[in-house]
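Hi everyone, thanks for coming along. I'd like to walk you through one chain today, going from the whole down to a single residue. Please have a look at the screen while I talk.

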Amino acid sequence: MAIKKHLSLSERKRIEKLLNERNSFKAIGRLLQRDCTTISKEVKNHVYFKKSGCFGQAFNNCRLRFDCTLSSLCEKENCRHKKCKCCSVCYLHCKYYEKATCTEVDKAPYVCNGCLKRSGCTLEKTLYSASYAQHEYELVRSESRSGISVSEEEVARLDSVISPLLLKGQSIHHICTTNLDQVMFSEKTIYNYVDAGLFAAKNLDLPRKVKCRPRKSRHDSFKVDRKCRIGRTYEDYLNYLKDQADVPIVQLDSVEGRRGGKVLLTIHFVESQFMLAFLRDANDSKSVIGIFERLYIELRPDIFMNLFQVCLADNGSEFSNPNAIEFDQQGNRRTRVFYCDPSSPFQKGAAENNHEFIRRILPKGSSFDDLTQEKVDVMMNHINSYKRKKLGDLSPYEMFKTFYGRKTLEKLGATLISPNDIHLLPALLK
C-alpha cells in the first residue's frame, strides 16, 4: 500500500470512474492500494458544485418548486418563461425562496457522480472531477510555497512591537534577540515582512538594509488566505459563465494615491459602464469587506444579489478573503468572487479603462489623504454622467437606471449631473 505519496492524475481519473460506477471508498482503496480514508479525504476536499438542471428542466433548488405558480418575478417584458420555476435564476427575485439540499450527499460517497436520481434532479450537484481535483492540488502546492501566510491581526501585533524599536535605530537582530516571547519569528521572516511593506517601519529605517542591492526576482505577496484562488481562477470564471448566460459582471479594483496613504476601491458594472468608488484608509481586506457589508445592508439582500452576481478582482491582498465577501454573517451566499490571472489587467479591461476618468481628476502620484467620501461621490457623479459613444451616446447613469431603476441609484447615492456642468479636471475637487 502506498505510504506518504501524493495521488497522481491517473489515480484521480480512476477514482472518478469508480465513483461513477457506484463503488464504495473501501472498494476504491483496495483497487488503488490506498487507505479508504485517503480516498474519502480526496473526494471531500476536491468536490465542486454545479447549478444544472436535468433533461427538459432548468436548475431550481427551491423547496417550494413543485407547487410554485408565480410568474413575472423579474419583470422583464421579453421573458420566455411562463412560470418562474422554469427559470434557473428565479431564486434571485423570489422572496419566498427556501433553499433545498439533497441529504444523500451528507453520507459517503458525498458526491452525485453515481447517483441514480441525477437524471431527474434539478438541485445543485456536488461532483468529483479528476481534472478539477488535479488543478486544485497543483494550485495548493504552488500557493503553499509562495506569499506570506500570516493574518492581518498578527501583522498588526508584530507592527506594534517591531516598528517603534526600528524607528529608535535598533536592528532586527537586536529586536528578535531581546523580544523572543513577543516576536516568535526568525530574523529572515521579519526582514521579508518589512521588505513587503507590512509594517509602519520601512527599509529606510533599517540600519544597513538600504546599502544592499535588492534581488531581482522579488515577488512576495501578502495573502490572508493562501487558498483563496482555489476554484476562483480566471479559467473557473470563464467556465462558470458558460453555464450562466447573461449574468451581470462586476469588476473590482483599487486606485492608489501616495504609497501608504488612502486608497479607492472601485466597483465597475460592466454592462452599464457605471462605477462606484469608496475611500479607504488602508489597502487591506478588512476595509473591502466592510464596504460590502454596508452595501448588503443598505441595498437589501435581494437588490444586492441582483447587482453583485459575479465579481471579478485582481490578485491584490485587499481581495484575498473571498469567503467574507461571498457569504453574509449567517452563511448565506450573496455573490461569487473570481480572480484574474497574475499580471493580466486586460482581463478586467472595462474597469481599467474607466480609471482613466479618475486619473483626469486625481493624477498619478497625487495624495488621496485630503479626500473625503463626499468629494469622491461628487467625482463619480460627474464621471457617471459623462456620455459614452459605446453606450449609444447615453451616460453610465442612464444605462444603469435602465437596467436597475432609479430607486437603486438613490440607494447608492448617485446623482445625474447636467451635461454642460460636467467637470473632469483636478479643479473639480478644489
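About 24,400 Å² of the chain is exposed, and 50% of that area comes from carbon and sulfur atoms. Do keep in mind that this is a predicted model.

Staying with the whole chain for a moment, its C-alpha atoms fill a box of roughly 70 × 65 × 35 Å along the principal axes. There are 430 residues, and 44% of them are buried. As for charges, the chain carries 70 positive and 52 negative ones, and their mean positions lie 4 Å apart.

How are the contacts spread along the sequence? If you take the contacts with a separation of 6 or more, 67% of them link residues 24 or more positions apart.

On to secondary structure: we have 16 helices and nine strands. Let me pick out the sheet here. Five strands make up an open sheet with mixed pairing, and the order is S7-S6-S5-S8-S9. Which strands sit at the edges? Those are strand S7, residues 274-280, and strand S9, residues 336-339, each of which pairs on one side only. On average, neighbouring strands in this sheet are turned by 25° against each other, ignoring direction.

A quick general reminder: strands of a sheet pair through backbone hydrogen bonds, and they can do so in parallel or antiparallel fashion. Now look at strand S5, residues 249-256, and strand S6, residues 263-269: these two run antiparallel and are joined by seven bridges. If you want one pair to find on the screen, take Asp253, whose bridge partner in S6 is Thr266.

There is a helix to go with this sheet, too. Helix H9, residues 234-243, lies across S5, S9 and strand S8, the last being residues 310-313. The helix runs at about 130° to S9.

Finally, let's zoom in on one residue, Ile39, which you'll find in helix H3, residues 36-45. Is Ile39 buried or exposed? Ile39 is buried, because its relative accessible area is 0% and the cut-off for buried is under 20%.

So who are its partners? Setting aside neighbours within four places in sequence, Ile39 contacts Ile15, Phe25, Ile28, Gly29, Leu32 and Arg34. Phe25 deserves a second glance: it is 14 residues from Ile39 along the chain, and the two C-alpha atoms are separated by 6.2 Å.

That's my tour, and I'm happy to rotate the view for anyone who wants another look.

Conventions
Residues numbered from 1 in each chain as written. Predicted model: local features only at pLDDT ≥ 70, side-chain atom pairs only at ≥ 80, totals over all residues. Heavy atoms only, no water. Helix = DSSP H or I, 4+ residues; strand = E, 2+ residues; numbered from the N terminus. Buried < 20%, exposed > 50% of the residue type's maximum accessible area, 1.4 Å probe, protein only. Contact = heavy atoms within 4.5 Å. Pairing = 2+ DSSP bridges. Axes fitted to C-alpha atoms, helices over the stretch in contact; angles between N-to-C directions. Areas by Shrake-Rupley, 256 points an atom, 1.4 Å probe, with all protein chains shown as cover. Lys, Arg positive; Asp, Glu negative; His and termini not counted. Charge placed at Lys NZ, Arg CZ, Asp CG, Glu CD.
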